[in-house]
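Trainee: Could you give me a close look at one part of this structure, the packing inside it, and carry on from there to what surrounds it? I'd like every cut-off spelled out as you go.

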Amino acid sequence: MFKRLADASAAGAAVTLTVDGKPVSAREGDTVAAALLAAGIDHCRTTPVSGAPRAPYCLMGVCFECLVTIDGVGSRQGCLIPVRTGMKVETQLGKREAGR
Amino acid sequence: MAASAVHSDYDVAVVGGGLVGVATAWGLAREGCRVVVLDEGDRAVRASRGNFALVWVQSKGLGLAPYAGWTIRSSSAWRGFSDLLKQETGLDVCFQRPGGFHLALSEKELEARAAILQRLHNQPGIVDYQTEILDHAQVAKMLPDIGPEVVGASYCALDGHVNSLRLFRTLHVAIADRGVTYLPSHRVETITREGGEFRLATPHGEIRAGKVALAAGNANMRLAPMVGLEAPMRPERGQIVVTERLRPFLNYPVVTLRQTDEGTVMIGDSKEESVDPSGLTLGVSATEVERAVRQFPLLANVNVVRTWSAIRVMTQDGFPIYDESESHPGAFTVCCHSGVTLAANHALTVAPMIARGALDKSLVAPFSARRFHVQKAG
């Protein structure tokens with residue numbers, strides 16, 4: 001659905017992270033949320049009460065729709081955290097489990 | 001219809017649209033009374049939107065034994081009360097009564113807890129409700145996620161909890177369904193009794209009613225003397241910390257910590273002598289959370305999504321006040337701290353008394369504000 005702009009001068013170096021164990025390529029300077037969208041991942045979690053799918057929405061830290069588990073810490077806001085090589089991102093299903 | 005109803009007569013004017021007021025108003029409407037609820041606006045200091053939502057028995061009654069029996073009466077009526085509300089509104093207030101815990105983080109805390117319960121149960125006339133002292137291993141069987149610092153707990157099978165925001169909404173829906181007139185932004189300025197009826201002055205005109213029930217929380221202190229009653233209060237601030245929604249791990253409410261039906265964990269129970277509802281102090285919430293993590297270490301990396309402070313409705317001795325006026329017949333006070341726990345009593349026991357025009361002394365005489373008039377020792 002989303003395509004990167006062709007302007008190569010704006011693009012950072014390639015970064016590889018994993019999402020649910022699968023390698024995903026991104027660019028240095030991307031946020032986790034942007035990297036998910038650019039990789040065509042159409043939802044990053046399901047809601048705690050009704051289980052409805054959710055995707056990054058506001059991309060500025062307000063809506064809390066882009067929550068993901070990053071390097072083992074749950075419910076991080078993907079739109080506020082830049083990608084790093086080797087980062088482990090996991091999508092969240094329903095309520096978080098306390099203690100992980 | 002609402003506009004033309006403003007100046008018509010009502011059987012009862014309930015002053016206060018919080019949990020105590022709407023529970024009482026619903027009970028009055030069930031008795032066939034024509035009821036108006038006079039409330040403040042959205043900016044009212046409202047305990048009903050900030051409370052911790054326990055339906056709680058253990059510890060209640062130390063210093064006034066009949067309060068234990070009164071609390072147990074409501075706790076036992078709660079299931080039927082929530083079923084009635086569901087029948088009328090279709091809304092579920094998520095009442096659960098699995099029993100509840102008070103956790104101790106040191107031997108000293110556990111001994112103090114046991115001593116308080118012993119003093120409570122040694123009082124003459126007490127309803128001897130079961131509260132057991134359990135050690136770590138016994139607690140861990142019911143609360144497997146407790147930390148090693150939890151040395152034990154008191155457990156009372158009568159304790160429970162509810163979704164109190166949904167209770168508040170459900171009661172408002174229920175009174176609307178029963179034709180109660182709800183008037184927000186009608187802060188009552190003065191109350192007089194003329195020609196056999198009460199006249200309540202508000203910024204939007206005068207309301208007339210045959211009886212008046214004061215259920216205005218801490219504001220009863222200002223209102224009660226207008227009808228020959230008194231309600232000595234000492235408001236108290238509490239702060240609450242709220243986490244993101246988590247998979248259910250806590251099957252019982254703890255007095256300072258509970259998991260809601262939707263997965264949120266609420267951490268609370270601070271007490272401060274302050275009446276500023278907007279004040280949050282990091283030291284207080286940090287202490288609450290530090291104890292919560294020692295009780296349940298799995299909370300250590302959970303995200304906090306909200307904190308708030310709210311003002312408790314509190315009488316000077318912490319016990320409820322129910323009174324009827326001798327100088328102004330038809331005026332009543334319904335005033336207490338535990339608007340959630342006692343909601344079933346207010347709806348099903350107190351409201352029918354007000355509808356009949358007389359309190360049943362066999363049930364509520366101990367809760368008259370006359371108890372504050374004990375002569376002071378020289």
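Mentor: Gladly; what follows begins with a pair of helices and works outwards. This is a predicted model, in which local features need pLDDT of at least 70 and side-chain atom pairs count only at pLDDT 80 or more, whereas totals for chains, interfaces and linings use all residues. Residues are numbered from 1 along each chain as its sequence is written, with chains lettered from A and ligands numbered from 1 in the order in which they are written.

Two packed helices are described by the angle and the distance between their axes. Here the pair is helix α2 (residues 19-30) and helix α6 (residues 164-177) of chain B, with axes that come within 9 Å and cross at roughly 35°. Axes are lines fitted to C-alpha atoms, for helices over the stretch in contact, and angles run from 0 to 180 degrees between N-to-C directions. Helices (H or I, at least four residues) and strands (E, at least two) are DSSP runs, numbered from the N terminus. The crossing of α2(B) and α6(B) is left-handed, that is, the near helix is turned anticlockwise from the far one by less than a right angle, while clockwise would be right-handed.

On the α2(B) side, the contact is made by Leu19(B), Val22(B), Ala23(B), Ala25(B), Trp26(B) and Ala29(B). They meet Leu167(B), Phe168(B), Leu171(B), His172(B), Ala174(B) and Ile175(B) of α6(B). Contact means that two C-beta atoms, placed from the backbone, lie within 7 Å. By class, that gives 11 nonpolar residues, one polar and no charged. Ala, Val, Leu, Ile, Met, Phe, Trp, Tyr, Cys and Pro count as nonpolar, Asp, Glu, Lys and Arg as charged, and the others, Gly among them, as polar.

Now to the nonpolar cores, sets of buried Ala, Val, Leu, Ile, Met, Phe, Trp, Tyr and Cys residues joined through C-beta atoms within 7 Å. Buried means 20 or more other C-beta atoms within 10 Å, exposed 12 or fewer, and partly exposed in between, with C-beta atoms placed from the backbone. The largest core has 106 residues, and Ala13(B), Val15(B), Val35(B), Val212(B) and Leu214(B) touch the most other members. Leaving out residues up to four places away in sequence, Ala13(B) touches Val36(B), Leu38(B), Phe198(B), Leu200(B), Ile207(B), Ala209(B) and Val212(B). A second, separate core holds 18 residues, among them Ala26(A), Leu67(A), Val68(A) and Val83(A).

How is chain B divided into domains? Domain 1 covers 2-51 + 165-232 + 318-370, domain 2 covers 100-157 and domain 3 covers 236-312, with bounds from an automatic or database domain assignment. The C-alpha centres of domains 2 and 3 of chain B lie 20 Å apart, and 12 residues of domain 2 are in contact with 12 of domain 3. Strand β4 (residues 100-104) of chain B gives the largest share of the domain 2 side, four residues. That side has seven nonpolar, three polar and two charged residues.

For a contrast with the packed parts, take Asp276(B), in the loop between β14 (264-267) and α8 (282-295) of chain B. Asp276(B) is exposed because its count of other C-beta atoms within 10 Å is 11.

Lastly, the contact between the chains takes nine residues from chain A and 12 residues from chain B. The chain A side divides into four nonpolar, two polar and three charged residues.
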